[in-house]
Each structure stands twice: as C-alpha cells, then as structure tokens.
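Biologist: I should be grateful for a close look at the aromatic rings of this protein and at the parts that surround them. Please explain each term for a first-year student.

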Amino acid sequence: MTPRKIDASMIVPLAEYTGQRAERRKRITEIKKNRRLEVGPFATFYFESYDTMLHQVHEMLFIEKGGAEQLVDELAAYNPLIPQGTELVATVMFEIDDPIRRARVLATLGGVEHRAFIRVGSAVVRGVPEDDQERSRDDGKASSVQFIRFPFTAAEIAAFRGGEGDAVVGFDHPNYGHMAVMPAAVRQALAADFA
C-alpha cells in the first residue's frame, strides 16, 4: 500500500542522496510523465503523489542544505499535497514565459482556483484550493501556482477506475474556460492514488 505521509525516517541522508540523485531523478521523471496534463494554452496540472512529494522534499534539502531544521518545514509544506486515498491532488501552474504577458493574463484569472473540475462521465468533482494562503489577490490577480485537491465519492472513484466515459480536466472560469480529456495512461497512473 502506498504511504500517505512522509516522516523523517523516510528521508535519505544528504550524502547518500547525493550519490543516488541522478538515478532518483530519472525514476521520478518517468513517474511524472503520466501525472501531468496541459489544459488550455497556459495551465498544466501536475498530479502529486507520495513519490513526487518525497522527491520534492529530498530536492529541497539537497538544494538548501538546511538539515533537520529545514526538514520540519518541508514536511509541513509537502505532506498536505499527498493524496489520502479518496482524492487527487494537483499543483496547477500557469506557465507563461513573457513576464508582461504573464502579468496581464494572471490579472484576469482571479478566483480560478475555485473554478477547476474533473468530470468523470456525468459526475463533476469540483476542485478545492489549499487554504494555506490566498491564491488570488484582492485586485483580481491569480497566483501562477495553485494547489488544488479533488475529493471523490466512492461512486466517482469506481467510475474513474472503471474507465467509464471520458475523464475531463478543466476550468469553468469566465476568462479561462478550457478543458482537456485525460489520456488513458494518465488516468491509469492516477487511479493508483485511490485507496
């Protein structure tokens, strides 16, 4: 069974991780390949898992070298993004290279974090943004990074796993009404996130 939480005992010591890093990065790249979905011209959903978050914690410790003190903060930041068996969790990034265009587009996307959904057949699973901080400013500008969980009912999980109908990921925001059908390989990989 997939673990649902990272604790300190699961963290490889820095010197050991450094030696394993290239191989671990290759492995996580393979895992992530079937955990991403582009929706519209700018948004990419990166569906998180225990493996992706464990990798992220190791990478942050490798980059910042903050040791045990930093680990506490990393676990607090990344453990909430591990699916708990009845949900999918995505980091959604609005990726626009040109900073002027990025600012202009994000200024029109306030509240987009409340307008994400996954439709499985006729059932619609509404996204619930992480409430660790406000992701849209009062002036209507959305953050380029959103953390959204999708809580499924037992029937919705069964439909998702059973391949019933298309699984469609999208937004119904007035300024970003884009959708994408989830490829079979992505749907299969994400089905493993459910208990």
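Modeller: The account below begins with the aromatic rings and then turns to two helices and to several single residues. This is a predicted model, in which local features need pLDDT of at least 70 and side-chain atom pairs count only at pLDDT 80 or more, while totals for chains, interfaces and linings use all residues. Residues are numbered from 1 along each chain as its sequence is written, and side-chain values use heavy atoms, with hydrogens and water left out.

A pair of aromatic rings is described by the distance of the centres and the angle of the planes. Rings of Phe, Tyr and Trp (its six-membered ring) pair if their centres lie within 6.5 Å; planes under 30 degrees apart count as stacked, over 60 as edge-to-face and the rest as tilted. The count by this rule is 11 aromatic pairs. One of them joins Phe94 and Phe171, a tilted pair with 5.8 Å from centre to centre and 40° between the planes. Because Phe94 lies in strand 3 (residues 87–94) and Phe171 in strand 8 (residues 167–171), this pair ties together parts that are 77 residues apart in sequence. Helices (H or I, at least four residues) and strands (E, at least two) are DSSP runs, numbered from the N terminus. Both Phe94 and Phe171 are buried, a word that means under 20% relative accessible area, with exposed over 50% and partly exposed in between (1.4 Å probe, protein chains only).

The rings of Phe152 and Phe160 have centres 5.8 Å apart and planes at 85°, so this pair is edge-to-face. Phe152 and Phe160 are likewise buried. One aromatic cluster is formed by Phe42, Phe45, Phe47, Phe94, Phe150, Phe171 and Tyr176.

Charged side chains also meet rings. A charge sits over a ring if NZ of Lys or CZ of Arg is within 6 Å of the ring centre and within 35 degrees of the ring normal. Arg187 lies over the face of Phe160, at 5.3 Å from the ring centre. The charged end of Lys65 sits over the ring of Phe62, 4.4 Å from its centre.

The helices come next. Helix 5 (residues 154–162) and helix 6 (residues 184–191) pack with their axes 9 Å apart and at an angle of about 135°. Axes are lines fitted to C-alpha atoms, for helices over the stretch in contact, and angles run from 0 to 180 degrees between N-to-C directions. Helix 5 and helix 6 are therefore oblique to each other; angles under 35 degrees count as roughly parallel, over 145 as roughly antiparallel, 65 to 115 as roughly perpendicular and the rest as oblique.

Two polar side chains complete the picture. A polar contact is a pair of N or O atoms within 3.5 Å; within protein, one must be able to donate a hydrogen and the other to accept it, and residues adjacent in sequence count only if both atoms are side-chain atoms. Gln146 is in strand 7 (residues 145–151) and is buried, with a relative accessible area of 1%. The side chain of Gln146 reaches the backbone oxygen of Ser143 at 3.1 Å. Thr52 belongs to helix 2 (residues 50–64) and counts as buried at 2% relative accessibility. The side chain of Thr52 reaches the backbone nitrogen of Ser49 at 2.8 Å.
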